[in-house]
Amino acid sequence: MSQTPKISFDDFVSRKLTTTSLMAERMLPDLLAAAAGSNDAEVQAATALLKGWDHRFEPDSRAALLFETWAGLFAPKNFTDQSNYAVKWTLDDPLQTPRGLKDPAAAVAMLKEAVAKTKQLYGAIDRPFGDVSRFHIGDVSVPANGGFGNTGVFRTITWGPMKNGERTPVHGETWVSMVEFGTPMKAVGLMSYGNSSQPGSRHNSDQLQLLADKKFRTLWISRAEVEGHLEEKTAF
């Protein structure tokens with residue numbers, strides 16, 4: 001939000017949908033530099049994979065699971081423990097902290113540990129993110145995007161544990177609306193998990209594909225728009 005003095009509505013929507021990890025942007029250069037001299041084959045494979053990653057949590061991202069696993073080791077307690085950072089968060093420099101590796105060798109050791117853990121959890125260090133991260137309700141299951149908010153991902157999705165070969169959200173993008181109070185008013189939004197939890201309703205999973213596609217529906221903000229989309233009407 002601080003990159004430009006003004007943004008358009010389309011820019012606003014686009015930035016809301018970014019899956020880039022600020023933690024990856026900030027920490028990977030230091031981690032890769034620390035691991036550059038390693039002769040360990042697993043560390044070398046991990047660094048090669050991470051070097052080619054664009055730091056986004058998208059369905060086809062092949063390094064996202066490995067980085068997420070390393071980040072969980074480096075900053076435990078839901079990515080909040082700052083004891084391994086060289087500089088902890090400070091109010092005097094809120095946008096550039098925390099940063100740095102307090103112990104580069106330990107961070108590289110965590111990368112080797114992350115390799116083993118990623119293989120254990122997901123089968124390979126380069127498993128596509130969307131293979132195991134799914135938006136799944138009922139019969140609808142689609143490859144997902146988004147990541148843990150505490151890794152600096154604005155497209156926040158908190159993933160639950162692996163179950164039956166996949167993991168699904170337990171928190172994050174639920175009801176989202178973006179409104180421009182102009183003339184005419186612009187309003188888009190999404191109820192990610194559907195507008196109905198009633199068994200048999202087609203509206204308990206019909207927005208998952210929009211969520212996966214990073215699209216929104218136009219919100220009906222006038223009586224005429226609402227009445228034009230009625231499915232059922234009951235008179236009392």
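**Exercise 1.** Divide the lining residues of the largest pocket into nonpolar, polar and charged.

*Solution.* Start with the classes: Ala, Val, Leu, Ile, Met, Phe, Trp, Tyr, Cys and Pro count as nonpolar, Asp, Glu, Lys and Arg as charged, and the others, Gly among them, as polar. The lining then splits into 11 nonpolar, 12 polar and four charged residues. Keep in mind that this is a predicted model, where local features need pLDDT of at least 70, side-chain atom pairs count only at pLDDT 80 or more, and totals for chains, interfaces and linings use all residues. Residues are numbered from 1 along each chain as its sequence is written, and side-chain values use heavy atoms, leaving out hydrogens and water.

**Exercise 2.** Classify the ring pair Trp70 and Phe74, and place it in the fold.

*Solution.* First, the rule: rings of Phe, Tyr and Trp (its six-membered ring) pair if their centres lie within 6.5 Å, and planes under 30 degrees apart count as stacked, over 60 as edge-to-face and the rest as tilted. This rule yields nine aromatic pairs. For Trp70 and Phe74, the centres are 4.8 Å apart and the planes at 20 degrees, so the pair is stacked. Next, both residues lie in helix H4 (residues 64–74), four residues apart, about one turn of the helix; helices here are DSSP runs (H or I, at least four residues), numbered from the N terminus.

**Exercise 3.** Is Trp70 buried or exposed?

*Solution.* Buried means under 20% relative accessible area, exposed over 50%, partly exposed in between (1.4 Å probe, protein chains only). Trp70 has 1% relative accessibility, so Trp70 counts as buried. Phe74, also at 1%, counts as buried.

Methods
Helices (H or I, at least four residues) and strands (E, at least two) are DSSP runs, numbered from the N terminus.
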